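This report goes through one protein model, from its overall dimensions down to single residues.

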Amino acid sequence: MKRLVAGIFLIVTSSLAWGAENIPLKHAISLYGEPKYHKGFEHFDYANPDAPKGGEFRQAVTGQFDSLTPFVDRGSAAAGSDLLYDSLLQRSWDEPLSKYGLIAQFIELDPDNRWVAYHINPKARFNDGHKVSASDVKFSFDLLREKGSTFYRHFYDDIEKAEVTAPMRVLFTFKNNKNRELPLILGQMPILPEHYWKDRHFPSSGFEVPVTSGPYQVDKINPGRSISYKRDEDYWAQDLAVNRGRYNFDRMLFEYYGNESVLLEAMFSNQYDFRLITDPTIWNTQLSENRIKKYRLVQEVIKNHNPQTLTLAYNTRRPFLKDARVRESLGYAFNFKQINDHLFFGMYRPAESFFAGSELAASGIPSAEELKWLAPFQQQLPEALFHDPFKVPDSRLASGDRLSMASALRLLKQAGWEIKDNQQVNAMGEPLVLNALVATEEHEKVLLSIKDGLSRLGITLNVHRIDPLQMVARLRELDFELVLHVYRHTASPGTEQVSFWGSETVDQPGTRNLSGVHSPVVDHIAQLIPSATSRKELLSMVHALDRVLLWGHYSLPLWYSPSWNVLYRDTLKHPETTPLYALDLSTWWYQTNKPPSARANAGSILKKVD
C-alpha cells in the first residue's frame, strides 16, 4: 500500500512539474495585465518590416576594450558585443515590462508563481549550426550564477534550481512565490552554448571569437581600437515577429577614441554616422544649420520617457562621508539654475527624485498607500520624511546666501566639524578634503562648479579627470569618494532596485550599490517591489523607497534630460514611430536610394519626436 501511495504521489508531482494542469503555453508575458501584442502579431509597432537590409552603421566610443564577454566583472567588453547573443525572450520597448518569445518559443507559467518553464524554439541555432537545447539554457543559468558578474549572481538569488525536463523544455523552480518578476528576469538571460564553454575558462577576457546565437557575428578586431560585426544572413530568428524590421545593417562598426574632444570633428570628417549628444554646449553652439547642411547631417530631439536622474553619488563607505549630515551639507554647494543656465543652456530639468521626470517620482508628503510601507519604520526614519516634501537645497535657497550657508554650517557642526583657518576640521584636526572622479569634460565642468560652492563652506574638493577605462575599474573596485552617476531605471522598477541599494552586495567589487547604502528599511522596501500585484501598488512602493533614499542623502539628485538629442548621417533612417522606453537603434536602416535633392535638404530642420 505504501508503495502504491508513493507511486501515486510521484505521478502527481511529476505531472505538476511537467505542466499537466492544462496551463496554457504563452507567446509572451507581462508584469501586469496582458501583453500589448497578441499571439500571431507581425512586428513591433516601432519597427518597419519593409526596412531595407544593407549598408554600414559606424559608431564612436571613448576608451578601450579587452574582451568579447560582457557577462563578467573582469575587463571591459567591446561595444556591440550584446549583438552576438540571443536571450530566451525579447523585450518590447513600448510597454513598461512585457517580453515575447525568442529562443523560448513558449512560456509555461505557474499560476501561483512557484515555477516557470520555457519551451525552446526548435528553429533556434548557434552560429556553428548546433541546435539550442534545454541543456544549453540550464548550462547558461548555472554558469552565470556561479562565474558571472555580481549582477547575475545576485539577480538569480531567488531561483532554487533549473532542470531539464525534456530536450526542449527547461523548468526553473523558485525559492518562494513572492517575486513576480522572476519569469521576466530569466527571460532576459543570454543563452550560451554548452558545447563551446564547458571546457573553457569563462571569466577570462580576451579576443577568441565565441560561438553565439545572435543576429551578428564578429567580423574584424583591432584590439583596443575598433571592432566590427557582420550581419548573419543565416540568422535563425530573422523572420520572427520580434525581429522583423530590426538588425538591418550588413555591418556594425565601433571605432574607439581616446577622449571626447575629437569626436565632433571626427563626425564632420565622416568617420562615423551617429552620436548621442549629451553636452549641451556642443548641441547649442557647434551645430549651426549651415554646418549641419554642409556635412549632410540630421539633428533630432526624441522624447525620453525613462526616469534617468543624474546624481552626485557619495561613497558612504569612506570615513568623511559616513555621516548623513555631512552628505546633506554638500547639497548646499549645488546651484542648479546657475549651472543649467551658464553651462547647459537651460536644457536640463531639476531633479528632486531618483526617478525624476516620471510617475515613479515621489512628491509632496507620503500618501496613505506609501505609509503602509513606511509607518512600520517610523522610529528609524527622519521625522521630516512624514511631514515635509523633500527639497534639494538649491530648489529652495540660492547657493551661497546667508541662510543657505548657515544651514550647511549647522549640519557640519552637528557632525563634529568646525572652521579653523577657513577650513573644516574634525576633532582630530583632519581637514575635510574630498576627491571626485570624472571621465568627461562635461562632468568636469559640473564638479568644478560644485567645488567653488564647497570652498565657501571650508570644504576642499579635488577633481580628478581619468580615462573611461580607469573609471570603470575604479568604480568596480569602489575606489572613489564622489562621482556623477545615473542609476539606469526602467519604467517598471523591480529586482534591480535591490542591486542598486541593497546591503547584501554592498562591499563586493562590481556591486551596483555605488553609494554603499546599508539600511534595513531600504532592504525591506526594495525587496518588496518585485512582489507588487498591481501598477498602483508598485508606484506606492517605489515612492516609499524614493523617499527613504532622498532623506538618507546617499546621493544628491541633480537633473534629468527629457529627451535624447541625436546627430546622425542623412543616409540613416528610422521608423516614424519611436519606442517610449528606449533609443532602439536596431530598428534603423541605411537609405541606399536617397535622391541628391533630398540629401541637399538634410539638417535644414531640427526634428522633434514625441
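The text below covers the whole chain, then its sheets and helices, then two residues.

## Basis and overall dimensions

The model is predicted: local features need pLDDT of at least 70 and side-chain atom pairs count only at pLDDT 80 or more, while totals for chains, interfaces and linings use all residues. Residues are numbered from 1 along each chain as its sequence is written, and side-chain values use heavy atoms, with hydrogens and water left out.

The protein contains 20 helices and 25 strands. Helices (H or I, at least four residues) and strands (E, at least two) are DSSP runs, numbered from the N terminus. A compact globule of 610 residues would have a radius of gyration near 25 Å, and the 26 Å of the protein agrees with this. That radius is taken over C-alpha atoms, and the globule rule is 2.2 Å times the number of residues to the power 0.38. Along the principal axes, the C-alpha atoms fill a box of roughly 80 × 80 × 45 Å.

Of the 610 residues, 56% count as buried; buried means under 20% relative accessible area, exposed over 50%, and partly exposed in between, with a 1.4 Å probe and protein chains only. Among contacts (heavy atoms within 4.5 Å) between residues at least 6 apart in sequence, 74% join residues at least 24 apart.

## Strand pairings

Two strands are said to pair if DSSP finds at least two bridges between them. The table lists four antiparallel pairings, each with one pair of opposite residues.

| Strands | Bridges | Opposite residues |
|---|---|---|
| β1 (residues 28-30) and β4 (residues 98-101) | 3 bridges | Ile29 and Lys99 |
| β3 (residues 89-91) and β4 | 3 bridges | Arg91 and Lys99 |
| β6 (residues 115-120) and β8 (residues 169-174) | 5 bridges | Val116 and Phe172 |
| β14 (residues 310-314) and β21 (residues 555-560) | 4 bridges | Thr311 and Pro557 |

Lys99 of β4 is thus the bridge partner of Ile29 and also stands opposite Arg91. A hairpin leads from β3 to β4 through 6 residues.

## The four-stranded sheet

Strands β5, β6, β8 and β7 form, in that order, an open sheet of 4 strands with antiparallel pairing. At its edges are β5 (104-109) and β7 (159-166), each of which pairs on one side only. Neighbouring strands of this sheet are turned by 20 degrees against each other on average, direction ignored. Helix α2 (residues 134-147) lies across β6, β7 and β8 and runs at about 160 degrees to β7. For such angles, axes are lines fitted to C-alpha atoms, for helices over the stretch in contact, and values run from 0 to 180 degrees between N-to-C directions.

Val170 belongs to strand β8. How buried is Val170? Its relative accessible area is 0%, so Val170 counts as buried. Not counting residues up to four places away in sequence, Val170 touches Val116, Ala117, Tyr118, Ala134, Val137, Lys138 and Glu163. Val170 and Lys138 are 32 residues apart in sequence, with their C-alpha atoms 7.0 Å apart in space.

## The six-stranded sheet and helix α19

A second open sheet has 6 strands in the order β15-β21-β14-β20-β18-β19, with mixed pairing. Its edge strands are β15 (349-350) and β19 (460-465), and each pairs on one side only. Helix α10 (residues 336-344) packs on this sheet, where it touches β15 and β21; the direction of α10 makes about 45 degrees with that of β21.

Helix α19 (residues 535-552) has 18 residues and spans 26 Å from its first C-alpha to its last, close to the 26 Å expected at 1.5 Å a residue. The expected span is 1.5 Å times one less than the number of residues. Since 16 of its 18 residues are buried, α19 is largely enclosed by the rest of the structure. His553 follows α19 and has a positive phi, near 55 degrees.

## Thr587

Which strands flank the loop that holds Thr587? Thr587 is found between β23 (572-573) and β24 (589-590). With a relative accessible area of 2%, Thr587 is buried. A polar atom of the Thr587 side chain lies 2.9 Å from the backbone oxygen of Asp584. Leaving aside neighbours within four places in sequence, Thr587 is in contact with Tyr46, Ala47, Gly245, Arg246, Asn248 and Pro575.

Methods:
A polar contact is a pair of N or O atoms within 3.5 Å; within protein, one must be able to donate a hydrogen and the other to accept it, and residues adjacent in sequence count only if both atoms are side-chain atoms.
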